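Me: I should like to go through this model by question and answer, taking the residues in their structural setting. Please keep each reply brief.

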Amino acid sequence: MILLTGFEPFGGEAVNPSWTAARGAADRLASEGYEAAAVELPCSFAEAPLVLAAALEQFQPRLVLCTGQAGGRSAISLERVAINLVDARIPDNRGEQPVDRPVRDGGPAAYFTSLPIKAALARVTGAGIPAEVSQTAGTYVCNFLFYALMDLLAARENIAGGFIHVPYSTGQGAVHGQPGLDVGRMATALALIAVTALENPVDIELPAGAEH
């Protein structure tokens, strides 16, 4: 079973392409014979990890792809690391705005993804979809959820997981004067990442770092 998650809209947006893309990717994977499910998460520090944990219990997945919106980015971002820090520039959808706090008191400083992000990068860019390895998932609900996911998976065996940021949709990008990407292409990218993760338990070596 492949579990994909996306977030509800936040920050005044009417839509969140991460949820639309996650749902589309689950449909594509199912049409190709994979068991897949998509779950929408609240944009809430308190609630998102609880909904995720419940979904893990319900679906018992072997692979988890959590996704979120990163407005302003121009490519599918394969997140490498989740940090044990929350520093919310804006309140979440429940009005909470933690600043300079850990995701989990006493937890590791960071977790690395267990997805084969280099192999996924090659697969997605090979399909003509812009993608990158990202060294930061921010300090908002997306990073919070990424850290919570890896914390949950640390106590479970044989489950790979990680976090993917998607850009604005093309419509959002036009409104904000920012890069945008067709949601259908986002869904294709997520499906490709999922299949790559199932086929490549060990990642490949590929230069994709950052100089700054």
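Me: Are phenylalanine 45 and phenylalanine 144 buried or exposed?

Reply: The model is a predicted one. Phenylalanine 45 lies in the loop between β2 (36-41) and α2 (48-59), and phenylalanine 144 lies in helix α4 (residues 141-153). Despite these separate settings, phenylalanine 45 and phenylalanine 144 are both buried.

Me: How many aromatic pairs are there, and what is the geometry of the one between phenylalanine 45 and phenylalanine 144?

Reply: The count of aromatic pairs comes to five. In the pair of phenylalanine 45 and phenylalanine 144, the ring centres are 5.2 Å apart and the planes meet at 75 degrees. An angle over 60 degrees counts as edge-to-face, and the pair is accordingly edge-to-face.

Me: Which residues form one aromatic cluster with Phe45?

Reply: Phe45 and Phe144 are paired although they stand 99 residues apart in the chain. The cluster that holds them has further members, and its full list is Phe10, Phe45, Tyr140 and Phe144.

Me: Why is strand β10 described as largely enclosed?

Reply: The residues of β10 point in two directions: Ala160, Gly162, Ile164 and Val166 one way, and Gly161, Phe163 and His165 the other. Residues pointing either way are buried. Strand β10 (residues 160-166) is therefore largely enclosed by the rest of the structure, the buried count being seven of the seven residues.

Me: In which sense does β10 pair with β3, and in which sense with β4?

Reply: With β3 (residues 63-69) there are seven bridges, and threonine 67 stands opposite isoleucine 164 of β10. With β4 (residues 76-79) there are two bridges, and serine 77 stands opposite histidine 165 of β10. The pairing with β3 is parallel, and that with β4 is antiparallel.

Me: What does the side chain of threonine 113 reach at 3.3 Å?

Reply: Threonine 113 sits in the loop between β8 (110-112) and α3 (117-126). Its relative accessible area is 14%, so threonine 113 counts as buried. Among the residues it touches beyond four places in sequence are Glu79, Arg80, Gly161 and Gly162. The atom reached by its side chain at 3.3 Å is the backbone oxygen of glycine 161.

Me: Which element gives the largest share of the largest nonpolar core?

Reply: This core has 34 residues, and Leu4, Leu63, Ile76 and Ile193 have the most contacts inside it. The elements that give two or more residues to it include β1 (2-7), α1 (17-31), β10 and α6 (183-199). The largest share is nine residues, and it comes from α6.

Me: Which residues of α6 are in contact with isoleucine 76?

Reply: Neighbours within four places in sequence are left aside here. Isoleucine 76 is in contact with residues including Ile164, His165 and Val166 of β10. From α6, which spans 183-199, the contacts are Met186, Ala189 and Ile193.

Me: Which residue caps the N-terminal end of α6?

Reply: Helix α6 has 17 residues and reaches 24 Å from its first C-alpha to its last, close to the expected 24 Å. At its N-terminal end, a side-chain oxygen lies 2.9 Å from the backbone nitrogen of glycine 184. The capping residue that supplies this oxygen is aspartate 182.

Me: What distance separates the C-alpha atoms of aspartate 27 and alanine 191?

Reply: Aspartate 27 is found in helix α1 and, at 54% relative accessibility, counts as exposed. Ala191 is one of the buried residues of α6. The two residues are 164 residues apart along the chain, and their C-alpha atoms are separated by 9.1 Å.

Terms used: Residues are numbered from 1 along each chain as its sequence is written. This is a predicted model: local features need pLDDT of at least 70, side-chain atom pairs count only at pLDDT 80 or more; totals for chains, interfaces and linings use all residues. Side-chain values use heavy atoms; hydrogens and water are left out. Helices (H or I, at least four residues) and strands (E, at least two) are DSSP runs, numbered from the N terminus. Buried means under 20% relative accessible area, exposed over 50%, partly exposed in between (1.4 Å probe, protein chains only). A polar contact is a pair of N or O atoms within 3.5 Å; within protein, one must be able to donate a hydrogen and the other to accept it, and residues adjacent in sequence count only if both atoms are side-chain atoms. Contact means heavy atoms within 4.5 Å. Two strands pair if DSSP finds at least two bridges between them. A nonpolar core is a set of buried Ala, Val, Leu, Ile, Met, Phe, Trp, Tyr and Cys residues joined through side-chain atoms within 4.5 Å. The expected span of a helix is 1.5 Å times one less than its number of residues. Rings of Phe, Tyr and Trp (its six-membered ring) pair if their centres lie within 6.5 Å; planes under 30 degrees apart count as stacked, over 60 as edge-to-face and the rest as tilted.
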